[in-house]
Every structure is written in C-alpha cells, then in structure tokens.
Amino acid sequence: MSHLSHPAPARTSADPADGPTASARPGRRLARRLPVLGGIAAGSVLLLAGPAFAHVSVQPEAAEKGGYATVNFKVPNERDDASTVKLEVNLPTDHPLASVMPQPVPGWKVEVTKTKLDKPLEMHGEKINEAPSKITWTADGKGVEPGQFQQFPVSVGQLPEDADQLVFKALQTYDNKEVVRWIEPAKEGGPEPENPAPVLKLTAASGDGHGHGAGAAGDDAKGTEDSGKHTAAAEDASGSDTTARVLAVVGIVVGLTGVGFGVLAGRRRSS
C-alpha cells in the first residue's frame with residue numbers, strides 16, 4: 001500500500017518554535033540595556049555628591065553680622081597616596097576679627113598668629129592694636145589619611161556689620177610636601193573656581209543684639225560646648241546634603257527602570 005505524504009503545516013511567525021518574535025526581541029534588547037542605564041545613572045551619584053567633599057570649606061556657610069559664631073573648617077583628603085598634615089587658614093585683613101579661639105583637636109597642634117593693625121579696632125569700649133591673622137594646625141601623628149576628613153572648630157567674632165562675607169584663604173599641605181592653595185575667590189554668577197577659598201556669608205542680625213553664638217569668646221567652657229553643638233550641626237547638614245543627592249539619583253534609577261519595564265510590558269501585550 002502506498003503512503004501519501006502530507007505537507008507539513010506552515011508555521012506562522014508567532015509559532016514558539018521560531019523563537020522570539022520580532023516584537024519580543026526589541027523588548028529583550030531593552031531589558032539588557034536597563035542595567036547599563038541604571039549603572040550610568042547610579043554612577044552620577046559620585047558626580048553629584050563629589051563636590052560636597054572636594055575642597056576645604058567653612059561650615060555652617062553663614063553667620064549673623066555683629067555677633068560671634070563657631071565655625072568649622074572642613075578638610076577632606078583628596079589624595080590616595082598621601083595624608084594631610086598641615087592646614088593654614090589666613091584670616092581676612094580687610095575686616096579683622098578681634099577674637100579667634102580654636103577648639104583643641106586631638107592629634108593636632110594649633111597656633112594663632114597675630115598682626116599689628118594699621119587702624120585699631122574698638123571692642124567693648126577698648127582699643128585693640130593687633131588681631132589674629134592666621135591659624136595653623138599641624139598634625140602630631142598621621143594627620144588626615146586617604147578616604148578621611150577632619151573638622152577644625154573655631155570661635156570667631158565680633159563679625160563685621162559692614163560686610164556681606166568673609167573670605168578665608170587656606171593652604172593644605174600633604175606629607176609628600178604637596179601644597180594645595182584654596183585661595184581663589186568665586187565670582188558671582190560664574191563657575192566655581194578650581195581651588196575656591198572658604199567663604200562665610202554674613203546675614204542680617206536677628207535683632208537680639210548678640211548675633212549668632214554670642215558670648216563664645218568670653219567663656220572657654222561655653223565656647224567648647226557651643227563648638228561641639230555646631231560641629232554636630234555641620235556634620236548633620238553635610239550628611240543631609242549628600243543624602244538628598246543620593247536619594248535624587250536613586251529616584252532617577254528607579255524611574256528609568258520603571259519606564260523600561262513599562263515599555264517591555266507594552267510590547268509584550270501588543271505581540
């Protein structure tokens with residue numbers, strides 16, 4: 001008996017034997033690209049958070065005119081193979097500060113240099129013929145090692161009432177003898193300089209007649225207590241700023257991932 005051969009049924013493009021359909025393949029390609037997009041967005045965390053730690057700065061960034069304030073000079077180590085062993089902060093000469101009291105920092109020696117004034121200052125009814133012009137911190141041990149930062153608290157006053165900011169030019173010295181000069185002034189409306197000088201903005205007084213941190217210069221114990229509080233506040237502010245940047249980038253990553261999976265799901269439904 002002869003057997004009749006029957007032609008095999010033609011498979012459609014949707015037959016699973018043919019593998020992924022044309023509409024599914026772009027979806028898979030998109031799925032493969034999502035980790036790349038996420039990596040790019042996540043990598044921008046470093047770009048956004050980096051400037052918060054990139055240079056010597058003064059925190060908080062503002063204080064009230066006419067009063068006293070406890071500020072922190074924040075020094076990050078930017079090198080992978082050297083430690084910061086010295087910090088020199090030059091105090092403004094156009095608006096001299098009659099009172100400058102550094103808080104002791106473990107592992108560091110501190111020296112305040114004074115300079116005779118061309119024009120005496122009057123403070124609490126007394127004439128002052130000299131004022132601090134520079135603060136120098138020198139490490140006793142290892143200093144600020146790679147991947148670390150250090151804060152140097154200082155009580156300063158009386159802050160001028162006829163200025164909008166104080167510029168503190170700083171020199172950062174590493175144990176390999178490299179010196180980074182943070183002395184460039186920022187221009188309003190322009191890009192940030194490569195090595196910007198720390199700047200303390202001065203705001204209008206609150207009206208209580210004392211200004212921010214009043215009395216710190218007259219009482220050592222009070223000054224130390226206030227300095228500790230402001231150091232903690234500065235750390236919280238810095239941490240909050242960095243956290244906000246990281247959360248923003250995480251939101252971008254989540255958004256990109258959601259859009260990608262939404263497109264993928266839409267293509268699958270259309271197929």
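How many aromatic pairs does the count come to? In this predicted model, the count comes to four. A good place to pick up the thread is Phe73 and Trp137, whose rings make a tilted pair, with 6.3 Å from centre to centre and 50° between the planes. The two partners come from distant parts of the chain: Phe73 belongs to strand 3 (residues 69-76) and Trp137 to strand 7 (residues 126-139), 64 residues apart. Phe73 is buried, at a relative accessible area of 1%, and Trp137 is buried too, with a value of 1%.

Phe73 also pairs with Phe168. Here the ring centres are 5.4 Å apart and the planes stand at 80°, so this pair counts as edge-to-face. Phe168 sits in the loop between strand 9 (165-167) and strand 10 (169-174), while Phe73 lies in strand 3, so the pair ties together parts of the chain that are 95 residues apart in sequence. Both Phe73 and Phe168 are buried. Zooming out a little, Phe73, Trp137 and Phe168 join Trp108 and Phe152 in one aromatic cluster.

Phe73 turns up again in the surroundings of Ser57, a residue of strand 1 (residues 57-59). With neighbours within four places in sequence set aside, Ser57 is in contact with Asn72, Phe73, Lys74 and Pro198. Ser57 has a relative accessibility of 14%, which is under the 20% cut-off, so Ser57 counts as buried. Lys74, one of the residues that Ser57 contacts, has a ring partner of its own: its charged end sits over the ring of Phe149, 4.6 Å from the ring centre.

Notes
Residues numbered from 1 in each chain as written. Predicted model: local features only at pLDDT ≥ 70, side-chain atom pairs only at ≥ 80, totals over all residues. Heavy atoms only, no water. Helix = DSSP H or I, 4+ residues; strand = E, 2+ residues; numbered from the N terminus. Buried < 20%, exposed > 50% of the residue type's maximum accessible area, 1.4 Å probe, protein only. Contact = heavy atoms within 4.5 Å. Phe/Tyr/Trp six-rings, centres within 6.5 Å; stacked < 30°, edge-to-face > 60°. Lys NZ or Arg CZ within 6 Å of the ring centre and 35° of its normal.
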